[in-house]
Amino acid sequence: MLLIGAGAATDLSPFDPAHVQIVQGFYPDHQALKARGHDVVTEASGAFDGAVVFLPRARAEARARIAEAAARLAPGASLWIDGQKTDGVDAVLKEMRGLAAVDEVQSRAHGKIFRVTLPEPGWLPEGWAAQDHLAAPGMVTRPGVFSADGPDPASQALAAALPEKLPTRIVDLGAGWGWLSAQILKHPGVEMLHLVEADAAALDCARRNVTDPRVRFHWADALDFRLPEPVNGVVMNPPFHEGRAADPKLGAGFIRAAAGLLTGAGRLWMVANRHLPYEQALRECFAEVSELGGDSRFKILTASGARRAAAGRPQAKGPQSRGRRR
Ligand SMILES: C[S@@+](CC[C@H](N)C(=O)[O-])C[C@H]1O[C@@H](n2cnc3c(N)ncnc32)[C@H](O)[C@@H]1O
């Protein structure tokens, strides 16, 4: 069986790990599943007898997952689609009923699962497979990556607030498809820029979008990312959502991670939604904190004097949610 989008919190007890391949590109979920003995990949390979697609929220990404599964199955095979109402499972069910034979529809709480019997090839509409989208001049994105339609307004506000000269060694924590990194590289002073990103699809886009030789790419969890040598700058637009709910703990974890990466004289620049309370975490981790500017939606914060003792991974949480963090 091929399972596309199963996360660390997905109940996989009915499946025998010896007969399952899981496609999961979000690093913390990928690693957690691997640690439990699963065969986990970022892209499916080979042929399968059946598949389960776990629906993401973005419609284009849901279609891309269905197309990825269909490409690995023979006509007559079963493709199960599992999703929450909030992920649009009802709309997907309706759409699939118009394309193929659908049965075994089961509803539980706020979700549904149903089976699609694969027709002969050619049944899926054109354009369902993941395709490049030109999100900025010379920069591509893929369905489901953060801010796939174009540069994020918060990142634009942060880029506009950066000082002309930047430190020599910088980390972009949660670098997405690389737009902010590309802006950082335009500033004088930068000798090395590390892009750290958990979403493999976003990082693949960044590799294509930011081809500067000063750049290093890291598919990693920002919360425990470490470099052999500290850097003197961190720039970040941290994720603020876990699934649907705003979760300031995530941003606070990024702040602790940033402090752990910086020299004492190094500086952090970050953007946050105005309503998110990051100042306390910043004061715990840095000696000097100030607001550089912003507007009614965002605030640009800067901090220096990292207190290494306060930095580090936040308290261990339960299993990661399967919702991606933004
Ligand atoms: C608000 S977005 C900013 C993206 C990018 N810097 C930009 O300006 O468009 C936050 C990014 O953090 C990534 N992310 C979420 N959790 C992460 C984690 N634990 N480690 C590394 N990256 C993570 C998300 O995939 C997303 O690309």
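Biologist: How many residues does the largest nonpolar core have?
Modeller: This is a predicted model, and the values here are computed from it. Nonpolar side chains tend to be buried together in soluble globular proteins. In the largest nonpolar core, the residues with the most contacts inside it are L173, V234, I255, A258 and L282. The size of that core is 63 residues.

Biologist: Which helix gives the largest share of this core?
Modeller: The contribution in question is eight residues. They come from a helix spanning residues 248-261. That helix is α7.

Biologist: With which residues is V234 in contact, leaving aside its neighbours within four places in sequence?
Modeller: V234 is among the residues with the most contacts inside the largest core, and so are L173 and A258. Both L173 and A258 are also in contact with V234 itself. The full list for V234 is I170, V171, L173, A258, L261, L262 and L268.

Biologist: How many residues does the other core have?
Modeller: This other core lies apart from the one with 63 residues. Among its members are L2, A6, V52 and A70. Its count is 25 residues.

Biologist: What radius of gyration does the protein have?
Modeller: The protein is built with eight helices and 18 strands. For 326 residues the globule rule gives 20 Å, and the value for the protein is close to that, so it is as compact as a globular protein of that length. Its radius of gyration is 21 Å.

Biologist: What percentage of the contacts with a separation of 6 or more is between residues 24 or more positions apart?
Modeller: The C-alpha atoms fill a box of roughly 60 × 40 × 40 Å along the principal axes, and buried residues make up 43% of the protein. Among contacts with a separation of 6 or more, the share from residues 24 or more positions apart is 62%.

Biologist: What distance separates the centres of domain 1 and domain 2?
Modeller: The domain assignment places domain 1 at 2-117 and domain 2 at 133-310. Eleven residues of domain 1 are in contact with ten residues of domain 2. Taken over C-alpha atoms, the centres are separated by 31 Å.

Biologist: Which element gives the most to the side of domain 1 that touches domain 2?
Modeller: Both α1 (27-35) and α2 (59-70) supply at least two residues of that side. By class, the side divides into seven nonpolar, three polar and one charged. The element that gives the most, with three residues, is α2.

Biologist: Which residues are closest to the ligand?
Modeller: The ligand is surrounded by 22 residues, and the shell has eleven nonpolar, five polar and six charged residues. At least two residues of this shell come from each of α5 (179-184) and β11 (192-197). The closest residues are S155, G174, G176, A198 and A222.

Biologist: Is A109 buried or exposed?
Modeller: Most residues other than glycine have a negative phi. A109 is not a glycine, yet its phi is positive, about 45°. It sits in the loop between β6 (101-108) and β7 (111-117). Because only 12 or fewer C-beta neighbours within 10 Å are allowed for this class, and A109 has 7, A109 is exposed.

Biologist: What burial class does S147 fall in?
Modeller: S147 also has a positive phi, near 50°, and is found in the loop between β9 (139-141) and α4 (153-161). A residue with 20 or more C-beta neighbours within 10 Å would count as buried. S147 has 18 inside that distance, so its class is partly exposed.

Definitions and conventions. Residues numbered from 1 in each chain as written. Predicted model: local features only at pLDDT ≥ 70, side-chain atom pairs only at ≥ 80, totals over all residues. Near = placed C-beta within 6 Å. Helix = DSSP H or I, 4+ residues; strand = E, 2+ residues; numbered from the N terminus. Nonpolar A, V, L, I, M, F, W, Y, C, P; charged D, E, K, R; others polar. Rg over C-alpha atoms; globule rule 2.2 N^0.38 Å. Contact = placed C-beta atoms within 7 Å. Domains from an automatic or database assignment. Core = buried A, V, L, I, M, F, W, Y, C linked by C-beta atoms within 7 Å.
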